[in-house]
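The following note comments on the model point by point. It begins with the overall architecture and then turns to individual residues.

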Amino acid sequence: FDLRKNPLQIARYASPRFMVRFASGHLTIPEAEKKASNAFKGALVAIISDFAVIGADVDKPADIEIVSRAIEERDLLNVQL
């Protein structure tokens, strides 16, 4: 949890192959999702959007509640990302 703001420490979880693919622009989104999910023992997914404003930190209980509510509302409206 404390590593989330330190990219160099997070990089320690990645293999050299992963880092080379990332640095060379050859890393696919599914590869990144799988590696991140395995490293952090949870389901992590990328959200592709033209709108940077949707980016948010979800690192506090209140943040999780806000995001959970937004996902529920999206599902109720049947909105596709």
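1. Overall architecture. The chain contains four helices and zero strands, and its elements follow the order α-α-α-α from the N terminus on. The coordinates are those of a predicted model, and the remarks below should be read accordingly.

2. Burial and surface. Of the 81 residues in the chain, 7% count as buried. The surface exposed by the chain amounts to about 7200 Å², and carbon and sulfur atoms supply 62% of that area. Among contacts with a separation of 6 or more, residues 24 or more positions apart account for 17%.

3. The salt bridge. How many salt bridges does a search of the whole structure find? The search returns one. The partners are Glu31 and Arg21, whose side chains meet at 3.0 Å, N to O. Because Glu31 belongs to helix H3 and Arg21 to helix H2, the pair ties together parts that are ten residues apart in sequence. Glu31 is partly exposed, at a relative accessible area of 27%. Arg21 is likewise partly exposed, and its relative accessible area is 22%.

4. Asp63, a buried charge. Side chains of opposite charge can pair when their charged atoms come close. Asp63, located in helix H4 (residues 61-77), is buried yet has no salt bridge. Which side chain of opposite charge is nearest to Asp63? That side chain belongs to Lys60, which is 4.4 Å away. A salt bridge requires the side-chain nitrogen to lie within 4 Å of a carboxyl oxygen, so the distance of 4.4 Å to Lys60 does not qualify. When residues up to four places away in sequence are not counted, Asp63 touches Asp57 and Val58.

5. Lys5 and the segment before H1. Lys5 is placed in the segment that precedes H1. Is this residue buried or exposed? Lys5 counts as exposed, at 53% relative accessibility. With neighbours within four places in sequence left aside, Lys5 is in contact with Asp57 and Asp59. Asp57 thus appears in the contacts of Lys5 and also in those of Asp63.

6. Ala14, between two helices. Ala14 sits in the loop between helix H1 (7-11) and helix H2 (16-23). Why does Ala14 count as buried? Its relative accessible area is 19%, and the term applies to values under 20%. Apart from neighbours within four places in sequence, Ala14 is in contact with Met19 and Lys35. The C-alpha atoms of Ala14 and Ala36 are separated by 8.7 Å, the two residues being 22 residues apart along the chain.

7. Ser37 in helix H3. Ser37 is part of helix H3 and is buried, with a relative accessible area of 16%. Which backbone nitrogen lies 2.9 Å from a polar atom of the Ser37 side chain? The nitrogen is that of Leu44. Leu44 is also listed among the contacts of Ser37 beyond four places in sequence, together with Gly42 and Ala43.

8. A nonpolar surface patch. Val45, Ile47, Phe51, Val53 and Ile54 form a nonpolar patch on the surface. Together these residues have about 590 Å² of accessible area. One of them, Val45, is found in the loop between helix H3 (29-39) and H4. Val45 counts as exposed, at 66% relative accessibility.

Note on methods: Residues numbered from 1 in each chain as written. Predicted model: local features only at pLDDT ≥ 70, side-chain atom pairs only at ≥ 80, totals over all residues. Heavy atoms only, no water. Buried < 20%, exposed > 50% of the residue type's maximum accessible area, 1.4 Å probe, protein only. Lys, Arg positive; Asp, Glu negative; His and termini not counted. Contact = heavy atoms within 4.5 Å. Areas by Shrake-Rupley, 256 points an atom, 1.4 Å probe, with all protein chains shown as cover. Patch = residues over 30% accessible without salt bridge, like charges linked within 9 Å, V, L, I, M, F, W, Y side chains within 5 Å. Polar contact = N/O pair within 3.5 Å; in protein donor to acceptor, adjacent residues only side chain to side chain.
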